[in-house]
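This briefing is for a reader who is meeting the structure for the first time. Please look over the sequence and the model below before turning to the points that follow.

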Amino acid sequence: MKTVVINGANGYVASHFISNLLKQKYKVVALVRTNKRSPQERMKKVLADINDGENVEYPNLKVIGYSLCDEDFSIPRDELKRIFRGNVDYFHFAASLKYDKKSVDEIFSTNINGVENSIKVFSNYATPGSRFFYIGTAYSCGRLDGIFEEKFYENKDISAFRNYYEQSKRFAENIIKVNIQKNGLNGHIVRLSQVAGNQKTGITKTDYGIFDFAKRMFSLANRYPNEIIRVHVDPDSSQNLIPIDTVTAHLTKMVEETGIPEIMNFVAKKSIRNSHIIETLNRLLPINIIPQKKLERRDMNAIERLISVGMSFTESYIETDLSFDTSQRDKFIHYVETGPSNNSVSKMLEYFIESLSKKRKKQEPAAA
Ligand SMILES: NC(=O)c1ccc[n+]([C@@H]2O[C@H](COP(=O)([O-])OP(=O)(O)OC[C@H]3O[C@@H](n4cnc5c(N)ncnc54)[C@H](OP(=O)(O)O)[C@@H]3O)[C@@H](O)[C@H]2O)c1
């Protein structure tokens, strides 16, 4: 079986992909950085979490510590030669998902220098048939009017984007473009929209995007139960969500097949309206959230202002109604995927809120 090498392997999307690959008996090399725990412990923990807390032994998984921006990832040359022996599929997942101005150095060094270095390591060690897959974001469209096509777009000033994260991901795509065109990199780009939970089971292990919003509303409902809160959200705009099980299935298909398009948008055909998300949260939480398209900070009460400050990231996506071309993806996937239904998004939110409640209950006796 082919070897799949994955960086940022302990992250939300990568770890679910790895869990799926291991079930299909692929050999996986997981590149994970060290924090207080070793890379091996970190990977084991995240895989156990995906598998309901069960510690499974994975003979086909090798976990290696690395440093994204260092020469040769700070991995000994012999080890790198072993990792890249034969044709491998290499997936670059590692990214800083921060977005604000004060984190700009970290965002750019991880999302731009990290990609440059990743290409360098891949180009130095991988054999000619190996493939480089970059995980991008559909939000690198920035403030584009019209349809975001599956093609390269030029680098733009920050004013063309909602935040530095989007800009850095656009810049990274263009680094890949140059390497494909000038250096013959066998490179592909997959752009994801907001990755949600599992659409069948509702299990949701991410607190990104709408789940970040849900987390804020949960904590608010606990602090100020039964409060009526206006939030700056356009109820008629929508969120493009793609379930994690769809993402992992699509990515696994890429490993299985040849003739992959250069760029694909992995997005849902049908977006979920903000009003549905808020109605679900109002049902699940002791709170009454009222979405308002026009709500100035000066007209907010103290609690509403507090939420608004915390929502600075989510807030830049509350009026979005983005359109994505998926013709390349549709040629490759061959079946129409419509994304999660309203029902499955409700199920995900239920699971997510229940997990937060359980966590809170566990912490309560300790705090008492
Ligand atoms: N989640 C989404 O909705 C979404 C949507 C569109 C695109 N994407 C893209 O999908 C990819 C994975 O996202 P995710 O949601 O799975 O994110 P995640 O859970 O935050 O994982 C990010 C991974 O990148 C690693 N990383 C961050 N900074 C690093 C650095 N300086 N050096 C080495 N590794 C570093 C993290 O390692 P540590 O754990 O050590 O920090 C982690 O393994 C990213 O490229 C993201 O842009 C995600």
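The shell around the ligand draws its largest share, three residues, from helix 1, and the coordinates examined here are those of a predicted model. Helix 1 covers residues 12–23 and packs with helix 2, and helix 1 also packs with helix 7, so the points below begin at the ligand, follow helix 1 to its two partners, and then turn to another helix pair and to the domains.

**Around the ligand**

- There are 23 residues around the ligand, and those that come nearest are G8, G11, Y12, L68 and A95.
- At least two residues of the shell around the ligand are supplied by each of helix 1, strand 5 (131–137) and strand 8 (194–195).
- Sorted by class, the shell around the ligand consists of 12 nonpolar, nine polar and two charged residues.

**Helix 1 with helix 2**

- Helix 2 spans residues 39–50, and its axis lies 10 Å from that of helix 1, the two helices packing at an angle of about 75 degrees.
- Since angles of 65 to 115 degrees count as roughly perpendicular, helix 1 and helix 2 are therefore roughly perpendicular to each other.
- On the helix 1 side the contact is made by S15, H16 and S19, which meet V46, L47 and I50 in helix 2.
- The residues of this contact of helix 1 with helix 2 comprise three nonpolar and three polar ones, with no charged residue.

**Helix 1 with helix 7**

- Helix 7, formed by residues 244–256, packs with helix 1 at an angle of about 60 degrees, and the axes of the two helices are 9 Å apart.
- That angle makes helix 1 oblique to helix 7, and the crossing of this pair is right-handed.
- From helix 1, the residues V13, H16, F17, N20 and L21 meet I244, V247, T248, L251 and T252 in helix 7.
- No charged residue belongs to the contact of helix 1 with helix 7, which divides into six nonpolar and four polar residues.

**Helix 4 with helix 5**

- The axes of helix 4 (residues 104–125) and helix 5 (residues 164–183) cross at roughly 20 degrees and come within 9 Å.
- Because angles under 35 degrees count as roughly parallel, helix 4 and helix 5 are described as roughly parallel to each other, and their crossing is right-handed.
- Among the residues of helix 4 in this contact are V104, I107, F108 and N111, while those of helix 5 include Y164, Y165, S168 and K169.
- By class, the contact of helix 4 with helix 5 holds 11 nonpolar, five polar and two charged residues.

**The two domains**

- According to the domain assignment of the protein, domain 1 consists of 3–195 + 241–266, and domain 2 consists of 210–239 + 271–321 + 341–361.
- A distance of 30 Å separates the C-alpha centres of domain 1 and domain 2.
- Where the domains touch, five residues of domain 1 are in contact with six residues of domain 2, and the side belonging to domain 1 has two nonpolar, two polar and one charged residues.

Terms used. Residues numbered from 1 in each chain as written. Predicted model: local features only at pLDDT ≥ 70, side-chain atom pairs only at ≥ 80, totals over all residues. Axes fitted to C-alpha atoms, helices over the stretch in contact; angles between N-to-C directions. Helix = DSSP H or I, 4+ residues; strand = E, 2+ residues; numbered from the N terminus. Parallel < 35°, antiparallel > 145°, perpendicular 65-115°, else oblique. Contact = placed C-beta atoms within 7 Å. Nonpolar A, V, L, I, M, F, W, Y, C, P; charged D, E, K, R; others polar. Near = placed C-beta within 6 Å. Domains from an automatic or database assignment. Left-handed = near helix turned anticlockwise from the far one by under 90°.
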